[in-house]
Amino acid sequence: MKKSEKLKGKEKVAARRQQYKWMGVAAVVAIIIVCVAVYFVVYNPLVVAAAGDTVNVTYTGMFENKTVFDSNVNTTPLTFTIGSGKMIPGFDAAVRGMKVNEEKTVTIPYDQAYGAYNPQLVQTVPASKFPANQTISPGEKFYFQSSVDGRTTVVTVVNVTSSGVAVDANSPLAGQNLTFDIKIDSIQKGSSGSTATGTT
């Protein structure tokens, strides 16, 4: 074999290697692009919760001494529409601007939670308003429906006397500053209807 032929053969091998190298680089770049695209489609880190969006939230609620009073961890997420008025103002405000899979701890003052304790919501109700033949004890909860607007109010029995039953219509959380650990599981945009979800 001539020397020139050997050189041409080496050049072909080198060219082939260079071609394989660039093909490998292109394949890696393509994989990265696909991974980034999948990340943005599935997790959509640019989507933030805003008014009108429906969100799924995992939370743990605590008193100031860190005693847990409520949690839905490992159960069904809480679903609500931001700005609908169904959540306490502080919780509603806390999720605004959060992204899917984002977690935060927020302390909500009582005036942004269940309000101040109102002594006027403690009233004495005639025993006849309660189910007949039922023993009523302090701490029990009953549901009363307003004859004016039809709204249902939960009351807690405070005391039972001969003059009637003293009930408290304040929320058990009234007057309490509350701390919540919050995690956004998914966001469904109110205008477009698109949904961003995360991993559990």
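The following paragraphs describe the strand pairing, salt bridges, buried contacts and backbone geometry of a predicted model.

Four strands are arranged in an open sheet in the order β5-β8-β7-β6, with antiparallel pairing. The edges of this sheet are formed by β5, which spans residues 122-125, and by β6, which spans residues 141-145, each of these strands being paired on one side only. From one strand to the next, the twist averages 45 degrees. Within the sheet, strand β7 (residues 152-161) is joined to strand β8 (residues 164-168) in the antiparallel sense over five bridges, and Val157 has Val167 in β8 as its bridge partner. In a regular strand the side chains alternate between the two faces of the sheet.

The edge strand β5 also includes Val122, a residue that takes part in a nonpolar patch on the surface together with Tyr117 and Val158. The accessible area of these three residues together is about 240 Å². Val122 itself is classed as partly exposed because its relative accessibility is 32%, a value that also satisfies the requirement of over 30% relative accessible area for membership of a patch.

A further antiparallel pairing is found between β1 and strand β2 (residues 68-71), which are joined by three bridges. One residue pair in this arrangement consists of Thr60 and its bridge partner in β2, Ser71. The two strands, β1 and β2, form a hairpin in which five residues lie between them, and Lys66 in the turn has a positive phi of about 75 degrees.

Positive phi values are also found in two asparagine residues, Asn74 and Asn133. Most residues other than glycine have a negative phi, and most peptide bonds are trans. For Asn74, phi is near 70 degrees, and the residue is placed in the loop between β2 and β3, the latter strand spanning residues 78-81. With a relative accessibility of 79%, Asn74 is counted as exposed. For Asn133, phi is about 60 degrees, and the residue is located in the loop between β5 and β6. The relative accessibility of Asn133 is 86%, and this residue therefore also counts as exposed.

Side chains of opposite charge can pair when their charged atoms come close. In the model, the count of salt bridges comes to three. One of these joins the side chains of Asp53 and Lys189, with an N to O distance of 2.7 Å. Distant parts of the chain are linked by this pair, since Asp53 lies in the loop between α1 (3-42) and β1 (54-62), whereas Lys189 lies in the loop between β9 (178-188) and β10 (195-197), and the two residues are 136 residues apart. Asp53 has a relative accessibility of 3% and is therefore classed as buried.

Another salt bridge is formed between the side chains of Asp92 and Arg96, at 2.9 Å from N to O. The two partners fall into separate accessibility classes, because Asp92, at 7% relative accessibility, counts as buried, while Arg96, at 38%, counts as partly exposed. Asp92 is part of helix α2, which comprises residues 89-95. When residues up to four places away in sequence are not counted, Asp92 touches Phe80, Thr81, Ile82, Gly83, Ser84 and Met87. A salt bridge is also present between Lys183 and Asp185, in which the closest N and O atoms are 3.1 Å apart, and both of these residues are buried.

Helix α2 also contains Phe91, a residue that counts as buried because its relative accessibility is 2%, under the cut-off of 20%. Leaving aside neighbours within four places in sequence, the contacts of Phe91 are with Val57, Tyr59, Leu78, Phe80, Ile108, Phe180 and Ile182. Phe80 thus appears in the contact list of Phe91 and in that of Asp92. The separation between Phe91 and Thr179 amounts to 88 residues in sequence, whereas in space the two are 9.7 Å apart, C-alpha to C-alpha.

Technical notes:
Residues are numbered from 1 along each chain as its sequence is written. This is a predicted model: local features need pLDDT of at least 70, side-chain atom pairs count only at pLDDT 80 or more; totals for chains, interfaces and linings use all residues. Side-chain values use heavy atoms; hydrogens and water are left out. Two strands pair if DSSP finds at least two bridges between them. Axes are lines fitted to C-alpha atoms, for helices over the stretch in contact, and angles run from 0 to 180 degrees between N-to-C directions. Patches are made of residues with over 30% relative accessible area and no salt bridge: like charges are joined within 9 Å, nonpolar side chains (Val, Leu, Ile, Met, Phe, Trp, Tyr) within 5 Å. Accessible areas come from the Shrake-Rupley method with a 1.4 Å probe; for residues, only the protein chains shown count as cover. A salt bridge is a side-chain nitrogen of Lys or Arg within 4 Å of a carboxyl oxygen of Asp or Glu. Buried means under 20% relative accessible area, exposed over 50%, partly exposed in between (1.4 Å probe, protein chains only). Contact means heavy atoms within 4.5 Å.
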